[in-house]
Amino acid sequence: MQSACTSIGPVEKIIRQKLEEAFKPVIYVEVINESYMHNVSKRSETHFKVIVVSDKFESKNLVSRHRAVNDTLCKELASGVHALSIVAKTGLQWEAMNEKNIEPSPKCRGGFGK
């Protein structure tokens with residue numbers, strides 16, 4: 001998956017670093033800046049999708065996995081990251097996926113329930 005912006009911004013970089021550190025050993029991590037899909041200024045870093053694959057998720061249910069990611073990124077979520085879509089899988093779940101295609105995020109509805 002590619003974002004519309006090819007350069008990595010500072011928020012995207014710190015998100016990646018924090019996820020790699022918190023979920024060591026990370027089997028796979030991808031941080032996708034989806035801000036371009038929303039009504040924000042160019043080069044914004046407000047909307048992200050993260051894909052984290054780690055065996056640290058092995059005994060955790062989906063809610064616990066999402067909480068762990070949210071807790072890891074609490075500073076970013078409190079200071080400018082408006083939306084975070086999370087895909088959190090174990091290594092076995094990731095291997096079982098025939099194609100590593102992750103569903104695209106829905107189009108922005110403008111925040112007004114359109």
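What share of the contacts in the chain with a separation of 6 or more comes from residues 24 or more positions apart? Keep that in mind while you go through these points.

1. First, a caution: this is a predicted model. As for the opening question, residues 24 or more positions apart account for 64% of the contacts with a separation of 6 or more.

2. Now the parts list. You should find 4 helices and 3 strands in the chain. Going along the sequence, they follow the pattern α-β-β-α-α-β-α. Try tracing that pattern in the picture with your finger.

3. Next, look at the sheet. The 3 strands make an open sheet in the order 1-2-3, and their pairing is mixed. Strand 1 (26-33) and strand 3 (83-89) sit at the edges with a single partner strand each, so one side of each has no neighbour in the sheet. From one strand to the next, the twist averages 10 degrees.

4. Let's zoom in on one pair. Strand 2, which covers residues 47-54, pairs with strand 3 in the parallel sense, and the pairing runs over 7 bridges. To find your place there, look for V52, which stands opposite A88 in strand 3.

5. What about the helices around the sheet? Helix 1 (residues 10-22) lies across strand 1 and strand 2, and runs at about 160 degrees to strand 1. Helix 2 (residues 62-72) packs on the sheet too, where it touches strand 2 and strand 3. The direction of helix 2 makes about 125 degrees with that of strand 3.

6. Here's a residue to click on: S85, which you'll find in strand 3. Is S85 buried, partly exposed or exposed? Its relative accessibility is 27%, and since buried means under 20% and exposed means over 50%, S85 counts as partly exposed.

7. Stay with S85 for its surroundings. Leaving out residues up to four places away in sequence, S85 touches F48, K49, V50 and S105. Also compare S85 with V31: they are 54 residues apart along the chain, and 10.0 Å separates their C-alpha atoms.

8. Finally, zoom back out to the whole chain. Of its 114 residues, 35% are buried. The chain exposes about 7,400 Å², and carbon and sulfur atoms supply 52% of that area.

Methods:
Residues are numbered from 1 along each chain as its sequence is written. This is a predicted model: local features need pLDDT of at least 70, side-chain atom pairs count only at pLDDT 80 or more; totals for chains, interfaces and linings use all residues. Side-chain values use heavy atoms; hydrogens and water are left out. Two strands pair if DSSP finds at least two bridges between them. Helices (H or I, at least four residues) and strands (E, at least two) are DSSP runs, numbered from the N terminus. Axes are lines fitted to C-alpha atoms, for helices over the stretch in contact, and angles run from 0 to 180 degrees between N-to-C directions. Contact means heavy atoms within 4.5 Å. Buried means under 20% relative accessible area, exposed over 50%, partly exposed in between (1.4 Å probe, protein chains only). Accessible areas come from the Shrake-Rupley method with a 1.4 Å probe; for residues, only the protein chains shown count as cover.
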